[in-house]
Amino acid sequence: MEKDPGFDSDKSLPAVNRDAFNQFVREKLQACKQTSGIFGLIKLKIMSLRNVNTAFGYQTGDRLLAEFAHRVEEVLSTTDIIIKTGDSEYSICFPSLMNEGHIILAVNKILTSLENKFSIDGEAIFINIAMGIAIFPNHANDHDILLRKADIALGEAIKEKKNYTIFQERMIKEAPFNIIVEKELKTAIANNEFVLKYQPKVNLQNRSVLGVEALTRWTSPSLGFVSPEVFIPIIEKSNLIIPFTMWTINQGLKQAREWRLTHKDVSVAVNLSAVILHDHEIVDLIIRSLNIWDAEPVDLVLEVTESAMMTDPERSMETLRRLHDFGINISIDDFGTGYSSFAYLKKLPVSELKIDKTFVTKMAKESDDANIVRTIVDLAHNFGLYVTAEGVEDQATIDQLIELDCDHAQGFYIARPMPLEDLLNWLGESHWSRKVA
Ligand code: C2E
Ligand code: CA
Ligand code: CA
């Protein structure tokens, strides 16, 4: 690819093609990585250009753009670079930001510079712009992802009729971007982009490890790390939910074989989405998976949220009953946040309640939360169910849970979710862990 002469020395450039611009950002970002610097990118769109072209002609439109770029240049510092990257689109690179606030200062200067009307060919014209901001290393580790996220932020600014927005992860689960995410998700299983992390669950009564919860992590080549709270709802709305769920169960049971060599009674818990319970076919798929990995039903635990059971309760209950009758333990996740009635609790084919972490995390400091935890522990025991407290973040909470007679605990204080290899080490070293060969 030919470099435009003066590419680096000029502050502004005429229009460049996308490849040249991508290459430029890649190089700048590379330099930034070497100096551990912060790199900011703004994608800027002029919203009213079409009207200007229609009303006054293309020549006026072109002159307006030139004048616009000039005004923006004036307020940028010497190291910042503005490049025209589309008909009505500019990209501004900030290769040496001091901090995130620095880019907002620049954004405000740009907006102020546009407050006065432009006077082009005797016409008085105001310009309306939208900007999307993404910053390295906060939002992305490589140039492709940075560009994508600045585009996503720009889309959000346009949709919300704002002058600018900074990229936030929640944006990628909102239309129209979830279409991008869904497209990426389609190939994610085949491309090995998902991994499971495992978080131990311990028995507080005899101080042993009874299981691990499998939590899915996704790193997309074009979007970077995307949290399960963002991608799971998109999977749930797509036709990927069965393949995805079966991937988690198969991967969990396959990897469990590694720790079962030394810790054969440590089960693996997998989260099930509500929608999967409406499909009875899942029962056979899960049983087949147990056979494939030579696992017993008690080696697998299925975590289902309260609200999942309450959407179409008849069908969900039937699916859960079959799984439970087969010998698989079912756990009600996030208990306390939903709306299950005691009448249902009596009928549910479950063996455990998991108290939502919002109550557990603060229970050592807030007596209201401690009371809720006590009530749920008693409730569970009255129904003959085990109870797990999740979200345990300190020793004081462990002490309190033991006093309340809570059976099991899980949380960052005991161990964070970790890759298989780390889990194997943890099981070998932790004081919670006993070998049962
Ligand atoms: P969840 O099932 O309630 O999982 C527990 C979440 O709490 C996990 O977040 C875990 O990392 C976090 N956590 C664990 N201990 C602590 C603690 O001590 N303090 C705090 N503040 N948080 C703690 P994660 O992994 O981000 O998962 C979020 C949610 O995404 C899960 O909530 C679950 O609903 C869903 N999810 C994750 N993986 C899967 C999956 O494979 N399938 C389905 N259907 N959902 C999944
Ligand atoms: Ca869970
Ligand atoms: Ca939970």
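Student: What makes Glu213, Asn271, Glu303 and Asp333 donors of the calcium ion (ligand 2)?

Tutor: Distance. Donors are N, O and S atoms within 2.8 Å of the metal, or 3.2 Å for Na, K and Ca. Glu213 (OE), Asn271 (OD1), Glu303 (OE) and Asp333 (OD) coordinate the calcium ion (ligand 2) at 2.2 to 2.3 Å, so they qualify under the calcium cut-off. Water is not among the atoms, so sites may look incomplete.

This is a predicted model: local features need pLDDT of at least 70, side-chain atom pairs count only at pLDDT 80 or more, and totals for chains, interfaces and linings use all residues. Residues are numbered from 1 along each chain as written, chains are lettered from A and ligands numbered from 1 in written order, and side-chain values use heavy atoms, without hydrogens and water.

Student: How are the donor residues of the calcium ion (ligand 2) spaced in sequence, and what does the pair Glu213 and Glu303 tie together?

Tutor: The spacing is E-x57-N-x31-E-x29-D. Glu213 lies in strand S10 (residues 208–220) and Glu303 in strand S13 (residues 300–305), so the pair ties together parts 90 residues apart in sequence. Strands are DSSP runs of E, at least two residues, numbered from the N terminus.

Student: What does Asp333 bridge?

Tutor: Asp333 bridges the calcium ion (ligand 2) and the calcium ion (ligand 3), which lie 4.1 Å apart.

Student: Why is Glu390 called buried or exposed?

Tutor: Buried means under 20% relative accessible area, exposed over 50%, partly exposed in between (1.4 Å probe, protein chains only). Glu390 has 8% relative accessibility, so it counts as buried. Asp334, at 24%, is partly exposed.

Methods: Helix = DSSP H or I, 4+ residues; strand = E, 2+ residues; numbered from the N terminus.
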